[in-house]
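This report describes selected features of one protein structure for a reader who is new to the subject. Please keep the sequence and the model in view while reading.

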Amino acid sequence: AIWPLDERAARTLVGHGGLIAGLAFAPDSSWLASTSWDFTLRLWPLAGDPPPPARVLLERGRFPGYPQELDVSADGRFLATGTNDVRAVLVSTEGAARQLPRSGPTGRVPLRDDGRLAAVGSESADEAFVRVWDLATLGEVARLDAGDRKPPWGALFLAGGGLVSWGEFGIRLWDVAAGSS
């Protein structure tokens with residue numbers, strides 16, 4: 001349900017057949033994206049009363065596992081999600097989807113504000129580092145390893161381009177270009 005703060009009642013968007021795992025608004029609030037345990041990622045236009053039906057951008061069979069948490073690029077052109085089956089997926093709002101190179105189990109794939117980089121913290125001791133990719137080339141630009149073999153549970157970009165990761169080791173602030181924390 002969407003509840004505009006200046007209205008008395010919520011609008012309900014109907015379409016998922018499973019628990020909702022992630023939500024993200026467009027930067028201009030023109031749509032809402034959602035992921036669900038029904039193995040879909042949907043884009044809900046918010047204009048109109050009632051708004052048009054959602055478009056399914058990702059569904060069962062395109063990638064193994066169900067999409068989880070969502071992040072949206074600052075320009076609203078891309079969504080990023082992890083799946084419960086060790087995938088990191090980048091999806092354009094037009095529907096094209098690409099899998100990022102193997103990242104280990106992850107629920108969230110944060111995007112940097114400028115939309116140029118994505119990061120994933122693995123939840124596996126075999127990949128106890130944060131990977132950072134250039135979204136234009138899908139090339140890995142950094143593999144941030146604290147050397148303690150404790151996997152990061154997650155990562156987020158900060159305003160200005162810094163990166164923070166967290167896990168059993170605590171919280172680390174990374175300089176991506178230098179590869180140091």
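## Pocket, cavity and surface

Strand β1 supplies three residues to the lining of the largest pocket, which is the largest share. The model in which this pocket is found is a predicted one. Both β1, residues 20–25, and β2, residues 31–36, give at least two residues each to this lining. The complete lining of the largest pocket consists of Ala1, Ile2, Leu13, Val14, Gly15, His16, Ile20, Leu23, Phe25, Leu32, Ser34 and Trp44. Sorted by class, the lining of this pocket holds nine nonpolar residues, three polar residues and no charged residue. The space in the largest pocket amounts to about 260 Å³.

### The loop between β1 and β2

The two strands named above are linked by a loop, and Ser29 has its place there. The backbone of Ser29 has a positive phi of about 65°, although Ser29 is not a glycine. Is Ser29 buried or exposed, or does it fall between the two? Its relative accessibility is 47%, so Ser29 counts as partly exposed, because that class lies between under 20% for buried and over 50% for exposed.

Ser30 is found in the loop between β1 and β2 as well. With a relative accessibility of 33%, Ser30 also counts as partly exposed. Along the sequence, Ser30 and Ala47 are 17 residues apart, while their C-alpha atoms are 6.6 Å apart in space.

### A cavity with a mixed lining

How many cavities of 30 Å³ or more does a search of the whole structure find? The search finds one. The volume of the largest cavity is about 50 Å³. Its lining is formed by Ala128, Phe129, Val130, Leu144, Ala146, Asp148, Lys150, Pro152, Ser165, Phe169, Arg172 and Trp174. Of the residues that line the largest cavity, eight are nonpolar, one is polar and three are charged. In the lining of the largest pocket, by contrast, no residue is charged.

### Strands β9 and β12, and a second positive phi

Leu117 belongs to strand β9, which covers residues 117–121. The relative accessible area of Leu117 is 9%, so this residue is buried, since buried means under 20%. Leu117 and Val132 lie 15 residues apart along the chain, and 6.6 Å separates their C-alpha atoms.

Trp153 is part of strand β12, residues 152–157. The relative accessible area of Trp153 is 48%, which makes this residue partly exposed. Together with Trp166 and Ile171, Trp153 makes a nonpolar surface patch of about 360 Å². A residue needs over 30% relative accessible area to belong to a patch, and Trp153 has 48%.

Leu138 is another residue with a positive phi, about 60°, that is not a glycine. Its place is in the loop that lies between β10, residues 130–134, and β11, residues 140–144.

### Salt bridges

The structure has five salt bridges in total. Three of these pairs are set out below, each with its distance from nitrogen to oxygen and the relative accessibility of both partners.

| Pair | N to O distance | Accessibility of the acidic residue | Accessibility of the arginine |
|---|---|---|---|
| Asp75 and Arg77 | 3.4 Å | Asp75, 45% | Arg77, 48% |
| Asp114 and Arg112 | 2.6 Å | Asp114, 43% | Arg112, 18% |
| Glu140 and Arg143 | 3.0 Å | Glu140, 33% | Arg143, 45% |

The pair Glu140 and Arg143 belongs to a network, in which salt bridges with shared partners join Arg131, Glu140 and Arg143. Within the pair of Asp114 and Arg112, which class does Arg112 belong to? At 18% relative accessibility Arg112 counts as buried, because the limit for buried is under 20%. Its partner Asp114, at 43%, counts as partly exposed. In the pair of Asp75 and Arg77, Asp75 is partly exposed at 45%, and Arg77 counts as partly exposed at 48%.

Conventions. Residues numbered from 1 in each chain as written. Predicted model: local features only at pLDDT ≥ 70, side-chain atom pairs only at ≥ 80, totals over all residues. Heavy atoms only, no water. Patch = residues over 30% accessible without salt bridge, like charges linked within 9 Å, V, L, I, M, F, W, Y side chains within 5 Å. Areas by Shrake-Rupley, 256 points an atom, 1.4 Å probe, with all protein chains shown as cover. Salt bridge = Lys/Arg side-chain N within 4 Å of Asp/Glu carboxyl O. Helix = DSSP H or I, 4+ residues; strand = E, 2+ residues; numbered from the N terminus. Buried < 20%, exposed > 50% of the residue type's maximum accessible area, 1.4 Å probe, protein only. 1 Å grid on protein atoms, 1.4 Å probe; cavity = no way out; pocket = protein on both sides within 12 Å on 5 of 7 lines; lining within 4 Å. Points joined across faces, edges and corners; volume = space filled by probe spheres on them. Nonpolar A, V, L, I, M, F, W, Y, C, P; charged D, E, K, R; others polar.
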